[in-house]
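Hello,

I have a structure to hand over to you, and I hope you enjoy looking through it. Please open it first, and then read on for what was found in it.

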Amino acid sequence: MTEHADVLDAPPAVRVLADVERFWRLTRESDPSPNRYVALLGMKALGTDALLKKVQDGFSFNVFVHLTKNIFLPPHELAYVVQIPPRTLDRRRERGRLEPAESDRILRVSRVFAAAIELFEGDVIAARRWLLQKQKALGEKKPLDLLGTELGAREVEALIGRLEHGVFS
């Protein structure tokens with residue numbers, strides 16, 4: 001994965017995006033929505049049933065675009081993580097819609113990215129850096145590279161949980 005030094009070295013005011021700000025605001029509410037991570041996809045917080053319906057219908061391609069901007073990854077790198085081949089990505093862009101399985105994988109990445117942002121108390125750059133660094137507790141794998149499968153995502157989320165609670169990992 002590319003390190004994108006230009007974005008990472010920019011002043012904080014330049015790096016903060018509206019979706020990330022909205023996510024962080026939702027996180028700090030007294031009773032935060034369990035699906036608040038959809039803010040990172042440019043969506044409003046939804047109940048689980050409504051979110052499930054959107055996944056089954058396939059997300060708009062704009063959801064993919066929002067996540068690439070919020071996680072500071074070029075489209076081809078995020079497509080690799082969520083297992084969308086380049087030509088398929090072009091077809092989805094033209095059609096304007098993702099398939100349900102692709103939507104589910106995009107949702108998974110946003111969920112784990114949100115957990116990393118929470119781990120780093122709103123610091124999106126620190127969260128992104130952590131996702132791109134090899135982690136000893138993950139067998140020297142980068143967390144982002146594990147998000148293509150639900151099992152990998154659960155391992156990353158479990159590590160985030162241990163780190164949040166100060167468990168040596």
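**What was found**

A good place to begin is Glu-140, which sits in the loop between helix 9 and helix 10 (150–164). Please keep in mind throughout that this is a predicted model. Glu-140 has a positive phi of about 65 degrees, although it is not a glycine. With a relative accessibility of 45%, Glu-140 counts as partly exposed.

Glu-121 belongs with it in this part of the story. This residue is also not a glycine, and its phi is positive at about 50 degrees. You will find Glu-121 in the loop between helix 8 (100–119) and helix 9 (124–132). Its relative accessibility is 66%, so Glu-121 counts as exposed.

**The chain as a whole**

Stepping back, the protein chain has 10 helices and 0 strands. Followed along the sequence, the pattern reads α-α-α-α-α-α-α-α-α-α. The chain has 169 residues, and 46% of them are buried. Its accessible surface is about 9000 Å², with 53% of that belonging to carbon and sulfur atoms.

How much of the contact count, at a separation of 6 or more, comes from residues 24 or more positions apart? The share is 59%.

**Two buried residues to look at**

Try Phe-64 in helix 5 (residues 61–71). Is Phe-64 buried or exposed? Its relative accessibility is 1%, which means that Phe-64 counts as buried. Leaving aside residues up to four places away in sequence, Phe-64 touches Pro-75, Leu-78, Ala-79, Val-82, Leu-89, Leu-98 and Ile-106. You could also locate Arg-97, which is 33 residues from Phe-64 in sequence, while their C-alpha atoms are 9.5 Å apart in space.

Then turn to Ser-110, which lies in helix 8. Ser-110 counts as buried, with a relative accessibility of 0%. Which residues does Ser-110 touch, not counting those up to four places away in sequence? They are Tyr-37, Leu-40, Leu-41 and Leu-67.

**Salt bridges**

Side chains of opposite charge can pair when their charged atoms come close. This structure holds 9 salt bridges, and here are some of them.

Asp-19 pairs with Arg-22, and the closest N and O atoms are 3.7 Å apart. Both residues lie in helix 3 (residues 18–27), 3 residues apart, so about one helical turn separates them. Asp-19 is buried, at a relative accessible area of 11%.

Another salt bridge joins Glu-99 and Arg-95, where the closest N and O atoms are 2.9 Å apart. Glu-99 is partly exposed, with a relative accessible area of 30%, and Arg-95 is partly exposed too, at 47%.

A third one to look up links Glu-150 with Arg-108, with 3.1 Å between the closest N and O atoms. Because Glu-150 is in helix 10 and Arg-108 is in helix 8, this pair ties together parts that are 42 residues apart in sequence. Glu-150 is partly exposed at 32% relative accessibility, whereas Arg-108 is buried at 7%. The pair also belongs to a wider group: salt bridges with shared partners join Arg-108, Arg-111, Glu-150 and Glu-157 into one network.

**The largest pocket**

Arg-111 and Glu-157, which you have just met in the network, turn up again among the residues lining the largest pocket. The full lining is Phe-23, Pro-34, Arg-36, Tyr-37, Arg-111, Ala-114, Ala-115, Glu-118, Glu-157, Ile-160, Gly-161 and Glu-164. Tyr-37 is another familiar name here, as one of the residues touched by Ser-110.

What is the volume of this pocket? It comes to about 170 Å³. Helix 8 and helix 10 each supply at least two residues of the lining. Sorted by class, the lining has 6 nonpolar, 1 polar and 5 charged residues.

If you would like a short route through the structure, start at the Glu-150 and Arg-108 salt bridge between helix 10 and helix 8. From there, follow the network to Arg-111 and Glu-157, and finish at the pocket that Arg-111 and Glu-157 help to line.

Happy exploring, and best wishes

Methods
Residues are numbered from 1 along each chain as its sequence is written. This is a predicted model: local features need pLDDT of at least 70, side-chain atom pairs count only at pLDDT 80 or more; totals for chains, interfaces and linings use all residues. Side-chain values use heavy atoms; hydrogens and water are left out. Helices (H or I, at least four residues) and strands (E, at least two) are DSSP runs, numbered from the N terminus. Buried means under 20% relative accessible area, exposed over 50%, partly exposed in between (1.4 Å probe, protein chains only). A salt bridge is a side-chain nitrogen of Lys or Arg within 4 Å of a carboxyl oxygen of Asp or Glu. On a 1 Å grid over the protein atoms alone, a cavity is a set of points where a 1.4 Å probe fits but cannot get out, and a pocket is an open set with protein on both sides within 12 Å along at least five of seven lines; lining residues have an atom within 4 Å of a point. Grid points are joined across faces, edges and corners, and a volume is the space filled by probe spheres set on the points. Ala, Val, Leu, Ile, Met, Phe, Trp, Tyr, Cys and Pro count as nonpolar, Asp, Glu, Lys and Arg as charged, and the others, Gly among them, as polar. Contact means heavy atoms within 4.5 Å. Accessible areas come from the Shrake-Rupley method with a 1.4 Å probe; for residues, only the protein chains shown count as cover.
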